[in-house]
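Colleague: Please pick one part of this model and take me through it closely. I would like to know how it sits among its surroundings, and then how the rest of the chain compares in outline.

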Amino acid sequence: MSEERYAIIIAAGKGRKMITKEKEHSKVSYPILGRPIIKYVIDALKPLHLDEIVTVVGFGGDVTSEIVKKDTEIVWQNELNGTAKAALCAKPLLKDKEGKTLIVFGDMPLLTSDTLDKLFKRNAKDHEDLTLLTAMVDNANEYARVVRDPKSRHIQKIIDDKNRQAIYDNVHEINAGIYLVDNKQLFKYLAKIEESTEGKYNIGDIVEEFVGAGLNVGAYVLEDSSEIYAVSNRAQLATAAKIMKNRVNKKLMMQGISMEDPKTTYISPNVKIGEDTVIMPNTTIYGDCHIGCANKIGPNTYISKTDIGEGNTITFSSITSSKIGSHNHIGPFVELNGATVGDDEQIKR
């Protein structure tokens, strides 16, 4: 019988650096290519065949809950006193269960299922009680660093940037903040984490707790450090969006879709497009769109939540929540919202 798997998504923080006048706008609800940040995290978790996913919400929790409620259980962190306490909020749902629990953050949209699967495989192969995800970077400033024994190379603890001593300046292995832990031991040792000088209970301290108890702690070192990019402000949101746009466009082009200018083409990752479709410059396609084969879309076209058949030409137009048949000519300067178009039609302004 295979071991049961769970995940905790920590998504309770305030995200003060996003700077907004909206009082309850959760950081993880900001969109990248028309899709909330946290949905990318859920998308990365789904292929892992998890038995249960729990999302910890707090600030802006009503907004976050609405986004995740179809995919995860929801628990509330009413007192925002640190990530260790956030993970502990999942205890009522998971405490008595056998298996492994993956802890991830809801503000890391670039994580991939492949990386998380490798984390599980590393954990199983080396029979580790705790496996953390790490990465090697040239500039480790502002990151928590992984401290290893100089001789054995065994992990000893995590040092956050605020408390870093000069002796750790040359450490380039950083902690991604993603942990795979034996489920029952998780809650036992989370409860042992002490309050920091900033008045927070930090989940990274669980590493030192496990090491101190003589448990087996290891790490999977990530090859592409961009995957652990966390969004804390709007500049980082734009950077993450650029990386995701490049990923999505490359994947589509490798599937037989042409793009005249990928730099000006913005497509949600959940959009489905058939072979031999050509996307012209300055085109945006967001939401749950299904687009058939051999269409020509753009330039300067916006499409959202729309199904499109085959062999259409759509130029200089905006189409939202509509259904388009096949072999139509739409545009220029057409705006459709909630429309139904059959086959072989010509629609102009």
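Modeller: Helices are DSSP runs of H or I with at least four residues, strands are E runs of at least two, and both are numbered from the N terminus. The model is predicted. By that definition the chain has eight helices and 27 strands, and the part I take is helix 5, residues 113–125.

Start with the length of helix 5. Its 13 residues, at 1.5 Å a residue, should span 18 Å, and the C-alpha atoms at its ends are 18 Å apart, so the expected and computed values agree.

Next, its sides. Thr115, Leu116, Leu119, Phe120 and Asn123 are the buried residues of helix 5. Viewed down the helix axis, these fall within an arc of 145 degrees, so they line one face of the helix. The face turned away from that buried side carries Lys121 and Lys125, which are exposed. The cover over the buried residues of helix 5 includes strand 1 (5–11), helix 1 (37–45) and strand 6 (100–105). It also includes strand 7 (130–136), strand 10 (173–182) and strand 11 (217–222).

After helix 5 comes histidine 127, with a positive phi near 50 degrees. Most residues other than glycine have a negative phi, and most peptide bonds are trans. Two further residues share the positive sign of phi. Isoleucine 19 is not a glycine, yet has a phi of about 55 degrees; this isoleucine lies in the loop between strand 1 and strand 2 (31–32). Isoleucine 19 counts as exposed because its relative accessibility is 66%, the cut-off being over 50%. Aspartate 276 has a phi near 70 degrees and lies in the loop between strand 14 (272–273) and strand 15 (278–279). At 56% relative accessibility, aspartate 276 counts as exposed too.

Cis peptide bonds also occur in the chain. The bond from glycine 298 to proline 299 is cis, with omega near 5 degrees, and proline 299 sits in the loop between strand 18 (296–297) and strand 19 (301–304). The bond from glycine 331 to proline 332 is likewise cis, with omega near 10 degrees. Proline 332 belongs to the loop between strand 24 (329–330) and strand 25 (335–337).

Back to the elements that cover helix 5. One of them, helix 1, is itself mostly covered, with eight of its nine residues buried: Ile37, Ile38, Lys39, Tyr40, Val41, Ile42, Ala44 and Leu45. Another, strand 1, holds isoleucine 9, which counts as buried at 0% relative accessibility. Beyond its neighbours within four places in sequence, isoleucine 9 is in contact with Ile38, Val41, Ile42, Leu45, Ile53, Val54, Thr55, Val56, Val104, Phe105 and Gly106.

Strand 1 and helix 1 also help to cover helix 2, along with strand 3 (35–36), strand 4 (52–57) and strand 5 (73–76). In helix 2 (residues 61–68), the buried residues are Gly61, Thr64, Ser65, Ile67 and Val68. Their arc around the axis is only 160 degrees, which puts them on the same side of helix 2. Asp62 and Glu66 are exposed on the other side.

Further along the chain, alanine 238 is found in helix 8 (residues 234–254) and is partly exposed, with a relative accessible area of 47%. Its C-alpha atom is 8.0 Å from that of isoleucine 32, although 206 residues separate the two in sequence.

Last, the chain as a whole. The C-alpha trace spans about 70 × 50 × 40 Å along its principal axes, and 50% of the 349 residues are buried. Of the contacts with a separation of 6 or more, 50% join residues 24 or more positions apart. The exposed area is about 17,200 Å², with 47% supplied by carbon and sulfur atoms. There are 45 positive and 48 negative side chains, and the centres of the two sets are 3 Å apart.

Key:
Residues are numbered from 1 along each chain as its sequence is written. This is a predicted model: local features need pLDDT of at least 70, side-chain atom pairs count only at pLDDT 80 or more; totals for chains, interfaces and linings use all residues. Side-chain values use heavy atoms; hydrogens and water are left out. Buried means under 20% relative accessible area, exposed over 50%, partly exposed in between (1.4 Å probe, protein chains only). Contact means heavy atoms within 4.5 Å. Accessible areas come from the Shrake-Rupley method with a 1.4 Å probe; for residues, only the protein chains shown count as cover. Lys and Arg count as positive and Asp and Glu as negative; His and the chain ends are not counted. The place of a charge is taken as NZ of Lys, CZ of Arg, CG of Asp or CD of Glu. The expected span of a helix is 1.5 Å times one less than its number of residues. The arc is that of the directions from the helix axis to the C-beta atoms.
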